[in-house]
Amino acid sequence: MSESILSPKASSQYIAETSKDVTICSEGVAKVANLIYESVKNKSFDITNWKKHALNPKTMDVSTVDWIFVLDTMNFSFWSEDASNKYTVTYKDKAYTGYWSLCAAVNRALDNGIPITTPAYCASISGEQLADILKSDSNQEIPLFSERLQALKQTCKIIMKKYQGSFVNCIRESDNSAENLLQLIVNNFPSYRDEATYGSKQVSFYKRAQILIADIWTCFEGQSLGFFYDIEKLTMFADYRIPQILAYYGALKYSDSLMKILKDGVLMKNGDRLEVEIRGCSIWSVEMIREESQKLLDEDEETKNALFNSVLLDQFLWDYRQLHAKEMDVIPIHKRKSERKMQMYCILDLIANESMN
C-alpha cells in the first residue's frame, strides 16, 4: 500500500468532511447506535453469528481458510438489472440469491468432488469449468462472470507462486496483525486493490480485502489463524447494501439530485464521485456509530465488557438488512458494474509475473 494512498479510515474521514451530496446526520447515528446497543444486550450481536449461517464453514482449519479466500476473491456485484429474475442457486432444497448463491454454488461443487476451494485447481481453471460450477437455476447467470474468472485465476496463481499454495501462509507472514495482512493482500493481489481518486487525494476502501480478514477472524473466533491483535484497525466494508440501512435510519442523507440518480438506476462508473461519497460516508458514519454504541455499552454493567468493533458492527448491519430487506429496499442502492476497471484485468498477468520475480 503506497504511503500516498490514505487508509480506509483516513479516506472516509476526508471524504465525509468534503462530501457534497452525502451527509452524515447525528440523529440517525444515535438511532443506529441504540439499535446496536439493544442487540448486544439481547445477545443477537455476537462473534459466533458468522458460523451460524447455514452455508458458512463450521470447522477452523486450513481448508476453511482457503474456502474463505476463494469465496471473497469472487465476492462482488450480485445485483441484477431485472430484480424479478436473479442469479439463483439451489442447494439442499433451498434457493439462494445474492452473495449466498455464490456460497451455495461453491458448496455444491465441493459436495460433487470438485476442489473449487483449492488454489492449485483454481489457478488453471477454465471458463467452462467455472461456468459449470456457478451455473444458475434461474434464467439469470452470475453477473460479471469474466471478471470473476480472471480474478480467481490470477489471484490463485499468485498464491501458488508466492505462498506455497495456501492463503494460510499469507496470514502467517502477517505476524498476527490485521493491518499487516491488509497491506499484504492489497500489495500482492491486484484484484483486491479498491482505490479511487477523490478531490486532491488518493483514497482507499479495500472492501473485499477487509472482508477476507474479517471472515477469517470471525470464523476462527479470534483464535489460532484468526487471531489478530489489532483487529480494531479494520473499518466497515463499503458495499452497496449497508448504505441502505444507514440511509433508512437517517444516519446518511442523500441530496435530492443523488436520490433521483439512485431511483433512476443510473449505472455509476468505478470511482465516480457520487459512489465514492456514498462509500466513504458509510465508513465514517459507522465509525461514529461505533463510538456512540461503545459509550452506551460502557455505561451498562451487563454490556461494558462485550466484544465490540467495526467488523462485528458491519456484519450485524449486513445481516439486519437481509432480515428486513423489504422495508430497506425503499432506499435505492448505488449501482456499478465492477469492483475494478475492466482494463485492470487485461494487465493482471503482467502485474502477477512482475511481482513474482
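Phe-167 is in contact with Val-65, Asp-66, Phe-69, Ile-159, Leu-181, Ile-185, Phe-189, Leu-212 and Ile-216, leaving aside residues up to four places away in sequence. The model is predicted. Phe-167 is also among the residues with the most contacts inside the largest nonpolar core, together with Ile-36, Phe-189 and Leu-317. That core has 113 residues. In soluble globular proteins, nonpolar side chains tend to be buried together.

The residue just before it in the numbering can be read alongside. Ser-166 belongs to the loop between helix 8 and helix 9. Ser-166 counts as buried because its relative accessible area is 9%, under the cut-off of 20%. Beyond its neighbours within four places in sequence, Ser-166 touches Val-62, Asp-66 and Ile-159. Asp-66 and Ile-159 appear among the contacts of Phe-167 as well. Ser-166 and Thr-155 are separated by 11 residues in sequence and by 11 Å in space, C-alpha to C-alpha.

Thr-155 and Ile-159 lead back into helix 8, where both are buried. Other buried residues of helix 8 include Glu-147, Arg-148, Leu-149, Leu-152 and Cys-156. Helix 8 covers residues 145-162, and its 18 residues should span 26 Å at 1.5 Å a residue. The C-alpha atoms at its ends are 26 Å apart, so the model agrees with the expected span. After helix 8 comes Gln-164, with a positive phi near 50°.

Two of the contacts of Phe-167, Leu-181 and Ile-185, are buried residues of helix 10. Helix 10 runs over residues 178-188, and Ala-178, Leu-182, Leu-184, Val-186 and Asn-188 are buried there too. An α-helix has 3.6 residues a turn, so residues three or four places apart point the same way. The buried residues of helix 10 pack against helix 8, helix 9 (168-173) and helix 11 (207-219). At the N-terminal end, helix 10 is capped by Ser-177, which has a side-chain oxygen 3.3 Å from the backbone nitrogen of Glu-179.

Further along the chain are strand 4 (residues 195-198) and strand 5 (residues 201-204). These strands pair in the antiparallel sense over 4 bridges, with Tyr-198 bridged to Lys-201 in strand 5. They form a hairpin with 2 residues between them, and Gly-199 in the turn has a positive phi of about 60°. Side chains alternate along strand 4: Ala-196 and Tyr-198 point to one face and are buried, whereas Glu-195 and Thr-197 point to the other and are not.

A second hairpin can be set beside that one. Strand 2 (residues 88-91) and strand 3 (residues 94-97) also pair in the antiparallel sense over 4 bridges. Val-89 has Tyr-96 in strand 3 as its bridge partner. This hairpin has 2 residues between the strands, and Lys-92 takes a positive phi near 50°.

Tyr-198 also connects the strand 4 hairpin to Glu-277, which touches it along with Ile-15, Ser-19, Lys-20, Asp-21 and Val-22, not counting residues up to four places away in sequence. Glu-277 sits in helix 14 (residues 273-298). Is Glu-277 buried or exposed? Its relative accessibility is 0%, so Glu-277 counts as buried. The side chain of Glu-277 has a polar contact, at 3.1 Å, with the side chain of Ser-19.

Thr-235 is placed in the loop between helix 11 and helix 12 (242-248). Thr-235 counts as buried because its relative accessibility is 1%. Setting aside residues up to four places away in sequence, its contacts are Pro-8, Lys-9, Gln-210, Ile-283, Glu-287 and Ser-310. Thr-235 and Val-286 are 51 residues apart in sequence, yet their C-alpha atoms are 8.1 Å apart in space.

The cysteines remain. How many disulfides are there? The count is 0, where a disulfide needs two cysteine sulfur atoms within 2.5 Å. The sulfur of Cys-219 has its closest cysteine sulfur, that of Cys-103, 12 Å away, which is too far for a bond. For Cys-281 the closest cysteine sulfur is in Cys-25, and the distance of 10 Å is again too far for a bond. Cys-219 counts as buried because its relative accessibility is 0%, and Cys-281 is buried with a relative accessible area of 0%.

Conventions
Residues are numbered from 1 along each chain as its sequence is written. This is a predicted model: local features need pLDDT of at least 70, side-chain atom pairs count only at pLDDT 80 or more; totals for chains, interfaces and linings use all residues. Side-chain values use heavy atoms; hydrogens and water are left out. A nonpolar core is a set of buried Ala, Val, Leu, Ile, Met, Phe, Trp, Tyr and Cys residues joined through side-chain atoms within 4.5 Å. Buried means under 20% relative accessible area, exposed over 50%, partly exposed in between (1.4 Å probe, protein chains only). Contact means heavy atoms within 4.5 Å. Two strands pair if DSSP finds at least two bridges between them. The expected span of a helix is 1.5 Å times one less than its number of residues. A polar contact is a pair of N or O atoms within 3.5 Å; within protein, one must be able to donate a hydrogen and the other to accept it, and residues adjacent in sequence count only if both atoms are side-chain atoms.
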